[in-house]
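Student: I have a protein structure open and I'd like to learn how to read it. Can we go through some helices and strands together?

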Amino acid sequence: MDKIYLDNAATTPLSEEVIDAMVDVMKFNFGNPSSTHSYGQEAKILIEKVRREIADYLHVTPAEIIFTSCGTESNNMIIKSCVDHLGVERIITSPLEHKCVAESVLDMKKRKGIEVVYLRPDKNGDIDLGKLEEALKSSDKKTLVTLMHANNEIGNLFDIKKAAEICKANHALFHSDTVQSMAHMALDFSDFPVDFASCSAHKFHGPKGSGFAFIRKSSGLKGIIIGGPQERSLRAGTENVCGIVGLGKALEIYLKNMDEFANTIKEIKQYTIERISSEIPNVKFNGRSADLEKSLYTVLSVLLPYKDPMIGLKLDMKGIAISQGSACSSGASHPSMVMMSILSEDEMENSTPLRISFSHLTTKKEIDALVDALKEISLTFDIEKANVEHR
């Protein structure tokens with residue numbers, strides 16, 4: 001059975017060029033980057049080369065790029081250090097955030113007594129920037145705003161440029177989880193005053209266990225992992241040299257091919273929308289995910305017109321890897337906060353969300369196989385419904 005992978009928002013397969021670059025480092029550059037001898041300095045040079053490349057992409061200084069293990073670590077560091085070291089007393093966020101952001105905010109509320117304000121999305125999953133401005137003007141407490149750039153479940157794009165400008169005008173700090181959009185979109189942090197952002201290499205065909213945080217040098221943020229002076233004393237511990245090189249190679253490939261990859265994936269996404277719409281009666285699409293102008297092109301969130309908590313397993317048995325939501329929430333017995341925020345009670349009770357996420361490797365043949373599998377599964381529910389109505 002040919003296996004089909006349609007869960008690229010959870011992780012992407014490593015590209016061969018990335019693997020080769022990492023293997024070379026493991027073979028020939030095993031030195032500790034903190035060592036002063038040639039072995040260590042050769043490793044240090046590799047790290048700093050990647051740091052400069054990331055900084056060039058984001059239009060920031062190399063000193064503002066701090067290597068971490070992933071987006072989750074970056075988000076934890078930023079949110080918790082803002083409270084511990086920058087005097088933040090209030091956090092404004094939304095129910096749409098990734099679990100690592102949501103849990104970090106709740107942790108600060110429980111342990112530090114931080115006030116938390118949630119901006120509720122509308123049925124399309126959009127956040128009203130006017131409500132953000134109102135919330136900022138309602139208090140003199142030092143505030144951190146944390147709102148993600150591209151939603152990992154429904155793909156909605158949030159205008160982080162306008163949000164950052166509103167925050168700056170109201171003397172608030174602004175953090176955005178950019179894990180899903182980093183490398184997939186052009187980002188220019190010199191053009192708008194975002195204070196903090198995060199990245200995970202495995203979302204764009206790089207290695208797991210390698211990521212970075214963007215930390216505006218004027219912010220005064222301090223690290224929460226202490227020890228040695230690595231990463232400007234913001235993240236102690238010996239750097240993951242092969243992981244960082246893998247991140248850099250993956251980013252290099254994506255930036256070189258960004259337009260080509262984006263166009264390929266957009267075509268696949270549009271094809272998927274058309275096939276599912278024509279073959280599955282009464283299907284809906286969640287949030288803005290079916291709007292190629294207002295959503296991340298790699299994510300499509302489908303709402304199937306029947307309740308089937310086993311849909312992911314059924315598709316997996318047919319060789320199709322797909323997600324019913326965020327990978328970090330998989331296996332949970334209750335719906336995600338994202339779906340609870342945008343779906344009606346009737347939709348929650350009688351429908352099944354399904355996240356399809358693409359890469360430039362996804363083919364129309366694979367989408368055809370997915371649609372055929374969904375038609376087959378849907379048919380069983382139509383038969384069951386007919387039998388119930390007949391009785």
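Student: Which residues are buried in H4?

Tutor: In helix H4, Cys-100, Val-101, Ser-104, Val-105 and Met-108 are buried (buried means under 20% relative accessible area, with a 1.4 Å probe and protein chains only). They cover an arc of only 135° around the axis, which puts them on the same side of H4; the arc is that of the directions from the helix axis to the C-beta atoms. The general idea is that an α-helix has 3.6 residues a turn, so residues three or four places apart point the same way. Helices here are DSSP runs of H or I with at least four residues, strands are runs of E with at least two, and both are numbered from the N terminus.

Tutor: A word on the source: this is a predicted model, where local features need pLDDT of at least 70 and side-chain atom pairs count only at pLDDT 80 or more, while totals for chains, interfaces and linings use all residues. Residues are numbered from 1 along each chain as its sequence is written, and side-chain values use heavy atoms, with hydrogens and water left out.

Student: What do the buried residues of H4 pack against?

Tutor: They pack against helix H3 (71-86) and strands S3 (90-93), S4 (115-118), S5 (143-146) and S6 (173-176). Contact means heavy atoms within 4.5 Å. Just after H4 comes Gly-113, with a positive phi near 70°.

Student: How do I read the sheet, and in what order do the strands of the open sheet come?

Tutor: Strands of a sheet pair through backbone hydrogen bonds, either parallel or antiparallel. Here 7 strands form an open sheet with mixed pairing, in the order S2-S8-S7-S6-S5-S3-S4. Its edge strands are S2 (65-68) and S4, each pairing on one side only. For two strands to pair, DSSP must find at least two bridges between them. S6 and S7 (residues 196-200) run parallel, joined by 2 bridges, and His-175 stands opposite Phe-196 in S7.

Student: And which way do side chains point in S12?

Tutor: In a regular strand the side chains alternate between the two faces of the sheet. From S12, Thr-352, Leu-354 and Ile-356 point one way and Pro-353, Arg-355 and Ser-357 the other way, and all are buried. With 6 of its 6 residues buried, S12 (residues 352-357) is therefore largely enclosed by the rest of the structure.

Student: Which strand is joined to S12 by 6 bridges?

Tutor: That's S10 (residues 299-304), which runs antiparallel to S12. Look for Leu-300, which stands opposite Ile-356 in S12.

Notes:
Buried < 20%, exposed > 50% of the residue type's maximum accessible area, 1.4 Å probe, protein only.
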